[in-house]
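Trainee: I am new to this structure and would like to look closely at a single part before I turn to the rest. Please choose one strand, follow its neighbours outward, and explain each term as you reach it.

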Amino acid sequence: MSKRSRKIASAKTSWPVTVKHPKGEMDGLITLVNPNGVLILCSRPLKLNEVCWMTINAPTRSFEADGLVVWSNIYGRDDEITPRGMRVRFLRISSQDRMFIASELEGQGVKKVAEDYLETLNTTVEDIESGAN
């Protein structure tokens with residue numbers, strides 16, 4: 001499975017965020033988060049491959065991260081299926097903040113899904129190695 005086709009589990013959130021970029025700053029709302037990045041709903045998404053600096057305001061703490069826009073809905077529809085926003089991959093984030101995000105995933109039961117997936121994968125590999133069909 002290629003890196004591009006793998007889905008990484010995300011936690012649903014409603015965290016306010018301030019996004020700074022060379023042309024100014026804007027406020028948005030993070031609706032999905034994982035240790036690699038966030039989905040930000042905002043009225044003026046940045047363009048693909050733009051770099052930004054974020055101040056993320058989770059309920060129990062605030063933290064900063066640098067990111068790269070990897071998906072943007074600048075010109076598309078703005079509706080429930082395709083809301084106006086952008087997906088930002090973290091370029092720089094502290095290890096403590098990644099651990100905090102991981103704890104949010106665990107709190108939503110995503111860790112259990114990942115453990116089940118790994119157990120299934122290991123069982124399949126063992127079956128292949130033993131020659132079972």
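Mentor: What follows starts with the model and the chain as a whole, then turns to one strand and works outward from there.

This is a predicted model, in which local features need a pLDDT of at least 70 and side-chain atom pairs count only at pLDDT 80 or more, while totals for chains, interfaces and linings use all residues. Residues are numbered from 1 along each chain as its sequence is written, and side-chain values use heavy atoms, leaving out hydrogens and water.

The chain holds two helices and six strands, where helices (H or I, at least four residues) and strands (E, at least two) are DSSP runs numbered from the N terminus. Followed along the sequence, these elements come in the order β-β-β-β-β-β-α-α. The chain has 133 residues, of which 32% count as buried; buried means under 20% relative accessible area, exposed over 50%, and partly exposed in between, with a 1.4 Å probe and protein chains only.

The strand to look at closely is β4, residues 51-57. Its side chains alternate, with C52, M54 and I56 pointing to one face, where they are buried, and V51, W53, T55 and N57 pointing to the other face, where they are not buried.

Just before this strand, in the loop between β3 and β4, lies N49. N49 has a positive phi of about 70° although it is not a glycine, and its relative accessibility of 54% means that N49 counts as exposed.

One of the buried residues of β4, C52, has a relative accessible area of 0%. A search of the whole structure finds zero disulfides, a disulfide being a pair of cysteine sulfur atoms within 2.5 Å. C42 is in no disulfide, and the nearest cysteine sulfur to its own is that of C52, 9.4 Å away. Seen from the other end, the closest cysteine sulfur to that of C52 is in C42, and the 9.4 Å between them is too far for a bond. C42 is buried as well, with a relative accessible area of 8%.

Now consider the strands that pair with β4; two strands pair if DSSP finds at least two bridges between them. β4 and β5 (residues 62-72) run antiparallel and are joined by seven bridges. These two strands form a hairpin with four residues between them, and N57 of β4 stands opposite S62 in β5. β4 also pairs with β1 in the antiparallel sense, over four bridges, and here T55 in β4 is the residue opposite T18.

From β1 the pairing can be followed further. β1 (residues 11-21) and β2 (residues 24-34) pair in the antiparallel sense over nine bridges, forming a hairpin with two residues between them. T18, already met opposite T55 in β4, also stands opposite D27 in β2. β2 in turn pairs with β3 (residues 37-41), again in the antiparallel sense, over five bridges. A hairpin of two residues joins β2 to β3, and I40 in β3 is the bridge partner of I30.

The remaining strand is reached from two directions. β3 and β6 (residues 85-92) run antiparallel and are joined by five bridges, with R87 in β6 as the bridge partner of L39. β5 and β6 also pair in the antiparallel sense, over six bridges, and there R89 in β6 is the bridge partner of L68. Starting from β4, one can therefore step to β1 or to β5 by pairing, since two strands pair when DSSP finds at least two bridges between them.

Finally, a helix gives another view of burial. Helix α1 (residues 95-107) has 13 residues and reaches 18 Å from its first C-alpha to its last, close to the 18 Å expected at 1.5 Å a residue; the expected span is 1.5 Å times one less than the number of residues. In α1, D97, F100, I101 and L105 are buried. Seen down the axis of α1, its buried residues fall within an arc of 150°, so they line one face of the helix, the arc being that of the directions from the helix axis to the C-beta atoms. On the other side of α1, S95, Q96, M99 and G107 are exposed.
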